[in-house]
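Work through these exercises with the model open beside you. Try each task before you read its solution.

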Amino acid sequence: MSSKKILLGIGGSIAAYKSANLVRIFKKQGISVRCVLTKSAEEFITAQTLQALSGEPVRRNLFDQQAEAAMSHIELARWADCLIIAPTTANLAAKFASGIADDLISTLYLAANDIPVILAPAMNSKMLLHPATQENFRKLQQRGHYILESASGELACGENAIGRMQEPEKIAQKAFEVLGISQPLTPPSPKPLTVTITVGATRENIDPVRFISNRSSGKMGFALARAALKRGLKVNLIKAYCEQIPPENCQIFPSETAEKMLDTALNIANDTDIFIATAAVADYRPKKVLSQKHKKERDGALHLELIENPDIVATVAQLPADKRPKLVVGFAAETENLKNYAQEKLAKKNLDFICANDVSQFPFGGELNEISVISKNDEKNFNAATKTDIAEKIIDYLLSKIN
Ligand code: C5P
């Protein structure tokens, strides 16, 4: 049994109902918990419930004279060994980041300056991913606070995306760790999902200095990688030639030719949950790669015999079920008859999804894209937007489809 004391601030999100369970977990370990509610939190959970579970008075108001007489807010902050804010709303994060103290929780946050702070964000994914909110959380992290990454799943607003508050067991586990209480309460957290993305233009060698290639920039693949990293996924990049520098924190597998790319893809397919093929793979390669630089012929013409390259995404999609990633996703860049060609490719390559884009309107290398994600029974259209925006939508959509 522990003699530790936790101050639990509860913000106004639907996830507030989970805080009741958090209080129960702490009480089971003999930890004292005092709860503080924001005004909007009371729309989701009652002070009575928390009072009954914690066995302590619940505070809601900075100017409650009776409560302040019993224990002032400064004493309350001094009393605690740790401050947890679960759920942390976008509004609370903004107030904490800038030091605004206009209610009891935000005032307590400033007063609890010398104890560990754990924040469990919960909000709509757009609000969470807004640069303002991201900047606030970055500031709070730099201040040394523990921020429990939000999980992906169905949100109260009906979207299936990131923004769910971590489960009470996870929040409690972090608190035990921070307070030095050895309590293996929950099994180790599950492995993060792994996304493998093929990206760039393959280079098919003719001789040591020449090759056949194409104009793919790799921008879409990198945008998908960034969106996946932002959602806490592990990202492998099977990378051919790209103009740009890949995002940090990806595992990169340099694979310049189609054959090398296939080799790498087959090696890591088994450890991949979502395989996304954005690479522009040359359909053909020279049958023979010259070991010395080719010399110009006297009679002018040069005849190169080309043979077909392997289809990487199709080979991965056709692996046996125990080796195949859960979702295999291809891209179809077409200049006409977009949806029909995409449907054909989906079936022929055994893909789960194909992202169809019209390159006559949104050419290779551009900043904008418009994509339809097509599966056997469904079609989801993402209208013209930056590749970053489209990538975020595609990753959220795929995450909603994985089980
Ligand atoms: O058949 P097509 O080249 O139009 O198909 C495009 C899709 O297939 C893209 O997802 C591309 O990355 C993938 N692809 C592949 N290996 C190839 C050719 C295409 O993985 N040899």
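This is a predicted model.

**Exercise 1. Find the handedness of the crossing of α5 and α8, then describe their packing.**

Solution.
- Step 1. Start with the handedness: α5 passes α8 in a left-handed crossing.
- Step 2. Locate the partner and take the geometry. Helix α8 covers residues 131-142, and its axis lies 9 Å from that of α5, at an angle of about 50°.
- Step 3. Classify the angle. Angles under 35 degrees count as roughly parallel, and 65 to 115 as roughly perpendicular. The angle falls in neither range, so α5 and α8 are oblique to each other.
- Step 4. List the residues. α5 brings A90, A93, A94, F96 and A97, and these meet T133, N136, F137, K139 and L140 of α8.
- Step 5. Sort them. Seven residues of the contact of α5 with α8 are nonpolar, two are polar and one is charged.

**Exercise 2. How do α5 and α6 pack, and which residues meet?**

Solution.
- Step 1. Place the helices: α5 spans residues 90-98 and α6 spans residues 104-111.
- Step 2. Take the geometry. The axes are 10 Å apart, and the angle is about 40°.
- Step 3. Classify it. The angle is not under 35 degrees, the cut-off for roughly parallel, so α5 and α6 are oblique to each other.
- Step 4. Add the hand: the crossing of α5 and α6 is right-handed.
- Step 5. Name the residues. From α5 come L92, K95 and F96; from α6 come I105, S106 and Y109.
- Step 6. Sort them: the contact of α5 with α6 has four nonpolar residues, one polar and one charged.
- Step 7. Look back at F96. This residue of α5 meets α6, and F96 is also listed in the contact with α8.

**Exercise 3. Describe the crossing of α1 and α9.**

Solution.
- Step 1. Find helix α1 at residues 18-28 and helix α9 at residues 168-179.
- Step 2. Their axes come within 9 Å and cross at roughly 45°.
- Step 3. α1 and α9 are therefore oblique.
- Step 4. Their crossing is right-handed.
- Step 5. K18, N21, L22, I25 and F26 make the α1 side of the contact; P168, E169, I171, A172, A175 and F176 make the α9 side.
- Step 6. Eight of the residues in the contact of α1 with α9 are nonpolar, one is polar and two are charged.

**Exercise 4. Which residues surround the ligand?**

Solution.
- Step 1. Collect the surroundings: A277, T278, A279, V281, P310, D311, I312, V313, G330, F331, K345 and K349.
- Step 2. Check the backbone. A backbone N or O atom of A279 is 2.7 Å from a ligand oxygen atom. For F331, a polar backbone atom lies 2.7 Å from an oxygen atom of the ligand.
- Step 3. Check the side chains. D311 has a polar side-chain atom 3.5 Å from a nitrogen atom of the ligand.

**Exercise 5. Where is the cis peptide bond, and where does N249 lie?**

Solution.
- Step 1. Recall the background: most residues other than glycine have a negative phi, and most peptide bonds are trans.
- Step 2. Go to A86 and P87. A cis peptide bond joins them, with omega about 0°. P87 lies in strand β3, residues 82-88.
- Step 3. Go to N249. This residue is not a glycine, yet its phi is positive, about 75°. N249 sits in the loop between β11 (234-239) and β12 (251-254).

Conventions:
Residues are numbered from 1 along each chain as its sequence is written. This is a predicted model: local features need pLDDT of at least 70, side-chain atom pairs count only at pLDDT 80 or more; totals for chains, interfaces and linings use all residues. Side-chain values use heavy atoms; hydrogens and water are left out. Axes are lines fitted to C-alpha atoms, for helices over the stretch in contact, and angles run from 0 to 180 degrees between N-to-C directions. Helices (H or I, at least four residues) and strands (E, at least two) are DSSP runs, numbered from the N terminus. Angles under 35 degrees count as roughly parallel, over 145 as roughly antiparallel, 65 to 115 as roughly perpendicular and the rest as oblique. A crossing is left-handed if the near helix is turned anticlockwise from the far one by less than a right angle, and right-handed if clockwise. Contact means heavy atoms within 4.5 Å. Ala, Val, Leu, Ile, Met, Phe, Trp, Tyr, Cys and Pro count as nonpolar, Asp, Glu, Lys and Arg as charged, and the others, Gly among them, as polar. A residue is near a molecule or strand if one of its heavy atoms lies within 4 Å of it. A polar contact is a pair of N or O atoms within 3.5 Å; within protein, one must be able to donate a hydrogen and the other to accept it, and residues adjacent in sequence count only if both atoms are side-chain atoms.
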